[in-house]
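Work through the exercises below with the model open. Try each task before reading its solution.

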Amino acid sequence: MVFLSCAYFNTVYNAKNYFRQGKKLLIHDTLMVDSENFDKAIEKSTAIIVRYPDTRWIDDALHIMGASYYYKGDYQRSMEKLDFLTVNYPQSHFYYDAQYLLGLANYKLKKYGPATVALKEAASSRDYRMKSMIALVYVYYGDGDYSSLYAVADTLMNGSLDYDERRAVLSFVGLTQFSEGRYAEALATSTRLLEITRDEAERRRLKLRIAEIYLQIGEYDLCRDFLAGEAAPEFRDLLAALYIKTGNTQE
């Protein structure tokens with residue numbers, strides 16, 4: 001009995017430890033390098049379920065498996081484990097995290113309906129409300145549900161967001177406004193974003209969008225002045241389009 005007890009707790013401990021080690025390699029829920037830790041976490045969690053089906057750690061094992069599969073990019077298997085957890089263990093303290101990951105996994109597979117349902121459920125928890133609503137912005141944009149996107153974005157922008165969160169929400173609002181041809185609003189949002197964005201690659205994308213807006217609304221002088229001094233090929237290409245618009249084919 002002592003041997004069995006030690007083996008049982010060692011399996012549980014190892015599953016949780018491998019999972020923790022794997023999560024250290026994540027940046028913004030993304031696995032940056034290959035890791036065997038999640039494979040080992042899945043292996044040990046499977047052993048818990050197979051060997052000890054009546055254990056109180058079943059929901060822990062299911063969560064570790066579902067989350068590990070998600071971080072490995074195996075979204076279908078992740079959803080299978082997390083869905084089983086949420087349906088059969090609704091009182092689990094992993095319930096809302098499972099719903100959040102279910103929403104993300106469905107979003108990755110472009111299953112926007114189930115993603116919305118799961119993220120709304122996760123958002124009913126205070127601990128997951130903010131990040132679930134931010135994830136819903138991504139889902140609504142992918143699904144083309146712009147009215148819902150604006151509604152969620154308004155709520156978020158009136159709340160307490162950190163720099164990265166505020167920038168992400170504003171970026172999707174600006175993209176949506178541009179897609180809908182609401183150029184004046186898109187220009188204001190993009191200009192506001194440019195003022196707070198520090199990442200150079202993101203600043204380049206924003207400058208291109210602003211120049212494209214000027215081009216779309218016929219503000220050719222502003223567009224030309226805005227592009228002055230920009231040597232990157234994408235800016236030169238846009239400048240060429242501007243000269244064609246104004247009949248300056250030689251330039």
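**Exercise 1. A ring cluster**

Which residues do ring pairs link into a cluster?

Solution. The model is predicted. Follow the ring pairs from one residue to the next. They join Tyr107, Tyr112, Tyr138, Tyr141, Tyr146 and Phe172 into a cluster. One member, Phe172, is among the buried residues of α9.

**Exercise 2. Two edge-to-face pairs**

Classify the pair Tyr95 and Tyr96, then the pair Tyr214 and Phe226, and state how accessible each residue is.

Solution.

Step 1. Choose the quantities. A pair of aromatic rings is described by the distance of the centres and the angle of the planes.

Step 2. Set the scope. The structure contains 12 aromatic pairs. In one of them, the ring centres of Tyr95 and Tyr96 lie 5.0 Å apart with planes at 80 degrees, so this pair is edge-to-face. The cut-off used here is over 60 degrees.

Step 3. Check accessibility. Tyr95 has 11% relative accessibility, so Tyr95 counts as buried. Tyr96 has 31%, so Tyr96 counts as partly exposed.

Step 4. Turn to the second pair. Tyr214 and Phe226 are also edge-to-face, with 6.0 Å from centre to centre and 70 degrees between the planes. This pair links distant parts of the chain. Tyr214 belongs to helix α11 (residues 200-216), Phe226 to helix α12 (residues 220-227), and they are 12 residues apart.

Step 5. Repeat the accessibility check. Tyr214 is buried because its relative accessible area is 15%, under the 20% cut-off. Phe226, at 25%, is partly exposed.

**Exercise 3. Charges over rings**

Find a Lys and an Arg that sit over tyrosine rings, and follow one of the rings into the nonpolar core.

Solution.

Step 1. Lys131 lies over the face of Tyr100, 4.6 Å from the ring centre.

Step 2. Arg198 has its charged end over the ring of Tyr163, at 3.9 Å from the centre.

Step 3. Follow Tyr100. The largest nonpolar core has 68 residues, and Tyr100, Leu101, Leu156 and Val169 touch the most other members.

Step 4. Take Leu101 from that group. Leaving out residues up to four places away in sequence, Leu101 touches His63, Ala67, Tyr70, Tyr71 and Leu82.

Step 5. Place this in context. In soluble globular proteins, nonpolar side chains tend to be buried together.

**Exercise 4. The two sides of α13**

Describe the span of α13, then locate its buried and exposed residues.

Solution.

Step 1. Take the span. Helix α13 (residues 233-245) has 13 residues, and its first and last C-alpha atoms are 18 Å apart, close to the 18 Å expected at 1.5 Å a residue.

Step 2. List the buried residues. They are Phe235, Leu238, Leu239, Leu242 and Tyr243. They cover an arc of only 145 degrees around the axis, so they fall on the same side of α13.

Step 3. Recall the helix geometry. An α-helix has 3.6 residues a turn, so residues three or four places apart point the same way.

Step 4. Look at the other face. Turned away from the buried side are the exposed residues Pro233, Asp237 and Ile244.

Step 5. Find the cover. It includes α11 and α12.

Step 6. Step past the end. Just after α13, Gly247 takes a positive phi of about 80 degrees.

**Exercise 5. Ser171 in α9**

Is Ser171 buried or exposed, and what surrounds its helix?

Solution.

Step 1. Ser171 is in helix α9 (residues 163-179). At 13% relative accessibility, Ser171 is buried.

Step 2. Beyond residues up to four places away in sequence, Ser171 touches Leu193, Glu202 and Arg209.

Step 3. α9 has 17 residues and spans 24 Å from first C-alpha to last, close to the 24 Å expected at 1.5 Å a residue.

Step 4. The buried residues of α9 pack against α7 (129-143), α8 (146-157), α10 (183-196) and α11.

**Exercise 6. Lys16 and the whole chain**

Place Lys16, then give the overall figures for the chain.

Solution.

Step 1. Lys16 is in helix α1 (residues 2-23). Its relative accessible area is 26%, so Lys16 is partly exposed.

Step 2. The C-alpha atoms of Lys16 and Ala41 are 6.8 Å apart, although 25 residues separate them along the chain.

Step 3. The protein chain has 13 helices and two strands. Of its 251 residues, 42% count as buried.

Conventions: Residues are numbered from 1 along each chain as its sequence is written. Side-chain values use heavy atoms; hydrogens and water are left out. Rings of Phe, Tyr and Trp (its six-membered ring) pair if their centres lie within 6.5 Å; planes under 30 degrees apart count as stacked, over 60 as edge-to-face and the rest as tilted. Buried means under 20% relative accessible area, exposed over 50%, partly exposed in between (1.4 Å probe, protein chains only). Helices (H or I, at least four residues) and strands (E, at least two) are DSSP runs, numbered from the N terminus. A charge sits over a ring if NZ of Lys or CZ of Arg is within 6 Å of the ring centre and within 35 degrees of the ring normal. A nonpolar core is a set of buried Ala, Val, Leu, Ile, Met, Phe, Trp, Tyr and Cys residues joined through side-chain atoms within 4.5 Å. Contact means heavy atoms within 4.5 Å. The expected span of a helix is 1.5 Å times one less than its number of residues. The arc is that of the directions from the helix axis to the C-beta atoms.
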